[in-house]
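Visitor: I'd like to learn how to read a model like this one, feature by feature. Could we go through it together?

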Amino acid sequence: MPTDIEEPSLSSTSCPAMTSSAPGLLVSIRSAPGPAIQMFFDGELITAHAHDTILAALLRQGARTGCNEFDNAPRAGFCLMGSCQECSIWDAVGRRLRACMEAVREGLELRSTPCQNVQDNA
Ligand code: FES
């Protein structure tokens, strides 16, 4: 039976790499941010401020937390309150985290994609 509905294209574009030169999507209004904290996202050094959420830290320095599994478009969170899962990231042992609900910590190692032994704790 013929249909006019077009099938979605999977992975038609590549997800852009997060670079420190990319413009940030978030600007803090705090006049005195907390002490600087260093963490890693996909191997890249990220400087955050104490008391920030991971999502705030990532969006201040770049434009994404990962890529959409259907079209590879950049993801950057949506609800900012733990409901939508659009900010999912993974820690070094494979636990899925909601970046908008987790505080930054010194030395965190985070990934935009799951590693092989994923634990779903979000
Ligand atoms: S932005 Fe929606 S769950 Fe984090």
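Guide: Gladly! Keep in mind that this is a predicted model. Let's begin with one residue: Ala99 touches Thr53, Ile54, Leu55, Leu58, Thr65, Gly77, Cys87 and Ile89, leaving aside residues up to four places away in sequence.

Visitor: Which residues of the largest nonpolar core touch the most other members?

Guide: The general idea comes first: in soluble globular proteins, nonpolar side chains tend to be buried together. Here the largest nonpolar core has 17 residues, and those touching the most other members are Ile54, Leu55, Ala57, Leu58, Ile89, Ala99 and Leu110. Strand S2 (44-49), helix H1 (54-61) and strand S5 (88-91) each supply at least two residues of this core. H1 gives the most, with six residues.

Visitor: Why is H1 largely enclosed by the rest of the structure?

Guide: For a helix, count its buried residues. Seven of the eight residues of H1 are buried, so the helix is largely enclosed by the rest of the structure. The buried ones are Ile54, Leu55, Ala56, Ala57, Leu58, Leu59 and Gln61. They pack against strand S1 (36-41), S2, S5 and strand S7 (109-111).

Visitor: And how many helices and strands does the protein have?

Guide: One helix and seven strands. Reading from the N terminus, the order is β-β-α-β-β-β-β-β. Of the 122 residues, 24% count as buried. Sequence separation is worth a look too: among contacts with a separation of 6 or more, 51% are between residues 24 or more positions apart.

Visitor: Do S1 and S2 pair in the parallel or the antiparallel sense?

Guide: A general point on strands: in a regular strand the side chains alternate between the two faces of the sheet. As for the pairing, S1 and S2 are antiparallel, joined over six bridges. To follow one bridge, start at Gln38, whose partner in S2 is Thr47. The hairpin of S1 and S2 has two residues between the strands, and Asp42 takes a positive phi near 50° there.

Visitor: Let's finish with a loop residue. Is Ser83 buried or exposed?

Guide: Count the neighbours: a residue is exposed if 12 or fewer other C-beta atoms lie within 10 Å of its own. Ser83 has 11, so it is exposed. Ser83 lies in the loop between strand S4 (74-75) and S5. You can also compare sequence with space: Ser83 and Met101 are 18 residues apart in sequence, and their C-alpha atoms are 9.8 Å apart.

Methods. Residues are numbered from 1 along each chain as its sequence is written. This is a predicted model: local features need pLDDT of at least 70, side-chain atom pairs count only at pLDDT 80 or more; totals for chains, interfaces and linings use all residues. A nonpolar core is a set of buried Ala, Val, Leu, Ile, Met, Phe, Trp, Tyr and Cys residues joined through C-beta atoms within 7 Å. A residue is buried if 20 or more other C-beta atoms lie within 10 Å of its own, exposed if 12 or fewer, and partly exposed in between; C-beta atoms are placed from the backbone. Helices (H or I, at least four residues) and strands (E, at least two) are DSSP runs, numbered from the N terminus. Two residues are in contact if their C-beta atoms, placed from the backbone, lie within 7 Å. Two strands pair if DSSP finds at least two bridges between them.
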